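Trainee: I would like to go through a structure and ask where its descriptive words come from.
Mentor: Then have the model in front of you and ask about one word at a time.

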Amino acid sequence: GVSRSVARESLGQLCALGVLKSRQRKGLLVGRPDPVKLMSRWVPCFVRGTQGNELSLLAELRYALELGAVDLAVPNASDDQVQRLAALANQFDYVASRFGHNPEADQVDLVFHSLILEMTGNELVAGMHRVLADYFLASSREAPKPNEDALSAIRAHHMIAEALARRDGEMARSVLRSHLRRTLDE
């Protein structure tokens, strides 16, 4: 019940997303799109909405993703990843204790949280976080956090790194939960 141009445009969009594949002499077939690429195209459209709570919904998605990742990160993290996480906590400490939440501290924070998801050993989980991360960096630039929050974040990063080094999922999840709650409450 739509015009040919609308149908063609819709099919073109589905092909661009990888949902449909065009095969010569076979027509259109259902494809198997890369979920991370699909999400990277979906999130920008989602955040352009008019509702105003899109960033809040993305923060909740990040919260669920990171807390759920702890159960996979504990058994799957390599010793090298655990050491890198501790080094990132120290780097965040160095930058945030001197300059508060500035762009450099936000970038180190992003790498720290991305590494937790990388520690799961699941490329899909790590990829989803990378897609969401760009929007949290943008939102932190629009609404910078007060510098007194930096001390709390520094402590949280050290505690998370130490808990994951001890393979203590409960402690890591507990600290991460309270650390990410601040983002949800903002």
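Mentor: The turns below set values against definitions.

Trainee: What kind of model is this?
Mentor: This is a predicted model, in which local features need pLDDT of at least 70 and side-chain atom pairs count only at pLDDT 80 or more, while totals for chains, interfaces and linings use all residues. Residues are numbered from 1 along each chain as its sequence is written, and side-chain values use heavy atoms, with hydrogens and water left out.

Trainee: How many helices and strands does the protein have?
Mentor: There are eight helices and two strands. Both kinds are DSSP runs, numbered from the N terminus: helices are H or I with at least four residues, strands are E with at least two. Starting at the N terminus, the order is α-β-β-α-α-α-α-α-α-α.

Trainee: What share of the protein is buried?
Mentor: Of its 186 residues, 39% are buried. A residue is buried under 20% relative accessible area, exposed over 50%, and partly exposed in between, using a 1.4 Å probe and protein chains only.

Trainee: Why is Arg 25 called exposed?
Mentor: Arg 25 has a relative accessibility of 86%, and the cut-off for exposed is over 50%, so the word applies. Arg 25 sits in the loop between strand E1 (20–23) and strand E2 (27–30). Its phi is positive, about 70°, although Arg 25 is not a glycine.

Trainee: Why is a positive phi worth a remark?
Mentor: Because most residues other than glycine have a negative phi. Arg 167 also has a positive phi, of about 60°, and is not a glycine. Arg 167 lies in the loop between H7 and H8.

Trainee: Is Arg 167 exposed or partly exposed?
Mentor: Arg 167 counts as partly exposed, because its relative accessibility is 32%.

Trainee: What makes Leu 17 partly exposed?
Mentor: Its relative accessible area is 30%, so Leu 17 gets that label. Leu 17 is in helix H1 (residues 4–17). Leaving out residues up to four places away in sequence, Leu 17 touches Pro 33, Leu 38 and Arg 41. Touching is contact, meaning heavy atoms within 4.5 Å. The C-alpha atoms of Leu 17 and Pro 33 are 6.7 Å apart, with their positions 16 residues apart along the chain.

Trainee: What about Ser 40, and where is it?
Mentor: Ser 40 is in helix H2 (residues 35–47). Its relative accessibility is 34%, so Ser 40 is partly exposed.

Trainee: What makes a set of residues a nonpolar core?
Mentor: The members are buried Ala, Val, Leu, Ile, Met, Phe, Trp, Tyr and Cys residues joined through side-chain atoms within 4.5 Å. The largest such core has 31 residues, and those with the most contacts inside it are Leu 85, Phe 92, Phe 112, Met 119, Ile 160 and Leu 164. Two or more residues each come from helix H3 (54–76), helix H4 (79–99), helix H5 (103–118), helix H7 (148–165) and helix H8 (169–185). H7 gives the most, eight residues.

Trainee: Which residues does Leu 164 touch?
Mentor: Not counting residues up to four places away in sequence, Leu 164 touches Val 74, Val 82, Leu 85, Ile 116, Met 119 and Ala 172. A second, separate core has ten residues, including Val 43, Leu 117, Val 125 and Met 128.

Trainee: How do you know that H4 is roughly antiparallel to H5?
Mentor: H4 and H5 pack at an angle of about 160°, with their axes 9 Å apart. That angle makes H4 roughly antiparallel to H5. Angles over 145 degrees count as roughly antiparallel, under 35 as roughly parallel, 65 to 115 as roughly perpendicular, and the rest as oblique. The axes are lines fitted to C-alpha atoms, for helices over the stretch in contact, and angles run from 0 to 180 degrees between N-to-C directions.

Trainee: Why are H3 and H8 called roughly antiparallel?
Mentor: Their axes come within 10 Å and cross at roughly 170°. H3 and H8 are therefore roughly antiparallel to each other. Among the residues in contact are Tyr 63 and Leu 67 of H3, and Leu 176 and Leu 180 of H8.

Trainee: Why are H3 and H5 called oblique?
Mentor: The axes of H3 and H5 come within 8 Å and cross at roughly 50°. That value falls in none of the named ranges, so it belongs to the rest, which count as oblique. H3 and H5 are therefore oblique to each other. Arg 62, Leu 65, Glu 66, Ala 69 and Ala 73 in H3 meet His 113, Ile 116 and Leu 117 in H5.
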